[in-house]
Structures are given as structure tokens and as C-alpha cells.
Amino acid sequence: MGIVVENVSKHFGSFQAVDQVDLEIKTGSLVALLGPSGSGKSTLLRLIAGLEMPDTGRILLTGKDATHDSVQDRNIGFVFQHYALFKHLTVRKNIAFGMEIRKTPKNRVKARVEELLELVQLGGMGDRYPSQLSGGQRQRVALARALAVEPKVLLLDEPFGALDAKVRKDLRAWLRRLHDEVHVTTVFVTHDQEEAMEVADEIVVMNKGRVEQIGTPAEIYDNPASAFVMSFIGPVNVLPSDSHIFQGNGFESAHPNVFLRPQDVLVDIHPNGTTVPARVSRLIHLGWEIQAELTLDDGQVVTAHLTRDRYDELNLAPQQRVYVKPKEAKAFPLYYSI
């Protein structure tokens, strides 16, 4: 058993940040808390860490009730978005800090620091200061420092949010590889859907202080439990159920809105009896795929994603007349915005 959150709630004045959350995170797993700003994901992480106390409920770490334990007693490693490194200490001293506070024998500290420098791919940089490192390197030092005390749980709060896109992507792949080596139970907070999908074993989607859905990246994407989850995870067209594109699909009377992924919009240059006409409003080249913005005759705008090969086959051009139909669409009883 890794982390168990039972009926946990947290208010800040009149604002309910976390609302009766139940959650179980398996030992050794890598889990993302994903949601928009204000969804409660960072507050939940801080509750697990002991940086905040819950109003109700309890938190168990590795089978032990830790609800009222201090941060120090929880044996948790915490990594902040902005590194929080000691500027006046070398990389080696930053990593050693937690062990020295705990009076770890000097020979053990030295061996552990060198081991971690190699693990986070900073061998030979131990004598540098944080100001001499790139943002990505500083974040790896912060992770090494958190791992130095051999925590039972590692918590990361938007760990790559302060980095540029290229470095962020590189560090995501690195974090996944690192986790596969150390196997420490890890929870990270992010608002970046791609980051969660790429790194996590399991995703906890949060909205307005509650858990909307828990599942693997494939489960969350392919079988969203609510309109919110589908609208938040990956691009989607949200169209009224009486839109021309859904004629004859049975959505008209039962649901107010229908959700259609861009890759599930089929586009052709000839009608076939099941398609509806549209006009190419805009073509956006995204490298490995083409995004086509299509305007239906009822005025609704639909985004379609086409492979480069399919785009070349159709030979599309702005203002061209095309014919479209949904390959697969989903409907939910109610839809609310993010």
C-alpha cells in the first residue's frame, strides 16, 4: 500500500479547495494529479505532504495513519516548481543537505551523493553552484536532493512548469526513466495533459476540488467518464446535438452537446450519402499532421486532424468544398465548461 486518501476535505475561508476526496495510490507507481488552476490538485499534494492539514478525513502512508504527523515524520521527498536550491551551496552540498541534517555518517553521505549525481546525469558537476547550471540541471539537482534521504514517497509540484518546452519534454522522458530505476512511489501535479499522458502510470483528473476520473492514460482518453474529462484531455470539438454533421446518428433528442475528436472527423472530396458538405476555412500545418478548420452549412465550425499522407491525397485548399462525417462521437447528459 502506498498512499490512501480517505474522505479528505480542505477549506480556505469560504473556498472549498478539496471536497471529500477518496484516492488510493499503489506502492511504486507514478501518478499524475491533473486539472486546471483551482481544481485542488496542489492542495491535495500539500495535504499528502503534511504542509496543510485536512478539515476532515485522513491520510495513510504505507499503511500508517499519517494525518497528524509532521512533515519530517512522513519521510517524504518534495520537489517544488522553482527548485528551491541553496544558492550559496554547491550541487554536492545541496544534495547532501537533508542527510547532514539527519546526522547521516559522512562516508554514507559522500557515497550517496556520488551515486545520485550519476543517477541524475550530473556526474562531474558536483562542485558547481546552482547559478552555473541550466534550468533543467537545477531541477535534476532538486530531484536528487529529494531522493537523497531515501523517501517512501516523492511529491512533485509542477516540477517542469518553469522550464521551456524543449527542456520540459526532455525532462519528462528522463523522469520516467528515473522512476523505472528507483521505483519510489511518486505523485506529481500538472495542468499539462500531454505531460500527464506521457509520464504517468495513472492519472487522477481533478475539477473543483473533486476527483472526476482515475485511470491509465489510455482509459482516460478513450473512455472519459464525464464531459469535463473529455473536454480537458486532448483536443475536442463540442457541437450541439442538432448540428448537421450528426444527422441520423441518434444524438438529437437525448443530449445537448456532442463531443468529437479532431482525428474522428472523416474528410472526403466526394459525397457518399452519409456525409454532409463543408468548406475549408483554414489549413494549419503542424508538421506530422494537418489541422483543417471546416465550416458546415449550418455555420458550425469543426476541426479535423489529417495525416500528411491523407492531406496530400485529398490535395486540400482553402475555401474548397469537402464532405465530412463523424467516425466516432461521444455524448454526456450535461456539459459544463472548464
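## Salt bridges in a predicted model

By the distance rule used here, the count of salt bridges comes to 24. The structure is a predicted model, and every value below is computed from it. Let's walk through a few of these pairs and then step back to the whole chain.

**Arg210 and Asp19**

A good place to start is the salt bridge in which the side chains of Arg210 and Asp19 meet, with 3.0 Å from N to O. This pair links distant parts of the chain: Arg210 belongs to strand β10 (residues 210-215) and Asp19 to strand β2, and 191 residues separate them. Strand β2 itself covers residues 15-25.

Is Asp19 buried or exposed? Asp19 counts as buried because its relative accessibility is 16%, and the cut-off for buried is under 20%. Its partner Arg210, at 40% relative accessibility, counts as partly exposed. Which residues does Asp19 touch, once those up to four places away in sequence are set aside? They are Val8, Ser9, Gly209 and Arg210, so the salt-bridge partner appears among the contacts of Asp19 as well. As a general point, side chains of opposite charge can pair when their charged atoms come close.

**Two further pairs and a network**

Arg310 forms a salt bridge with Asp268, and the closest N and O atoms are 4.0 Å apart. Here too the pair links distant parts of the chain, with Arg310 in helix α9 (residues 308-314) and Asp268 in strand β13 (residues 265-268), 42 residues apart. Arg310 is partly exposed, with a relative accessible area of 25%, and Asp268 also counts as partly exposed, at 30% relative accessibility.

Another salt bridge joins Glu328 and Lys330, whose closest N and O atoms lie 3.8 Å apart. Glu328 is partly exposed, its relative accessible area being 43%.

The three pairs are set out here for quick reference.

| Pair | N to O distance |
|---|---|
| Arg210 and Asp19 | 3.0 Å |
| Arg310 and Asp268 | 4.0 Å |
| Glu328 and Lys330 | 3.8 Å |

Salt bridges can also join up into a group. Which residues make up such a network? Lys169, Arg172, Asp192, Glu194, Glu195 and Glu198 are linked in one.

**Helix α2 and its cover**

Now for a helix. Helix α2 runs over residues 91-101, and its buried residues are Val91, Asn94, Ile95, Ala96, Gly98 and Met99. What covers these buried residues? The cover includes α3 (106-119) and α4 (135-148). After α2 comes Lys103, which has a positive phi, near 60°.

**The chain as a whole**

Stepping back, the secondary structure of the protein comes to nine helices and 18 strands. Its C-alpha trace spans about 80 × 45 × 30 Å along the principal axes. The protein has 338 residues, of which 51% count as buried. Among contacts with a separation of 6 or more, 65% are between residues 24 or more positions apart.

At the surface, the protein exposes about 16,000 Å², and carbon and sulfur atoms supply 50% of that area. As for charge, the protein carries 38 positive and 42 negative charges, and their mean positions are 8 Å apart.

Conventions
Residues numbered from 1 in each chain as written. Predicted model: local features only at pLDDT ≥ 70, side-chain atom pairs only at ≥ 80, totals over all residues. Heavy atoms only, no water. Helix = DSSP H or I, 4+ residues; strand = E, 2+ residues; numbered from the N terminus. Buried < 20%, exposed > 50% of the residue type's maximum accessible area, 1.4 Å probe, protein only. Contact = heavy atoms within 4.5 Å. Areas by Shrake-Rupley, 256 points an atom, 1.4 Å probe, with all protein chains shown as cover. Lys, Arg positive; Asp, Glu negative; His and termini not counted. Charge placed at Lys NZ, Arg CZ, Asp CG, Glu CD.
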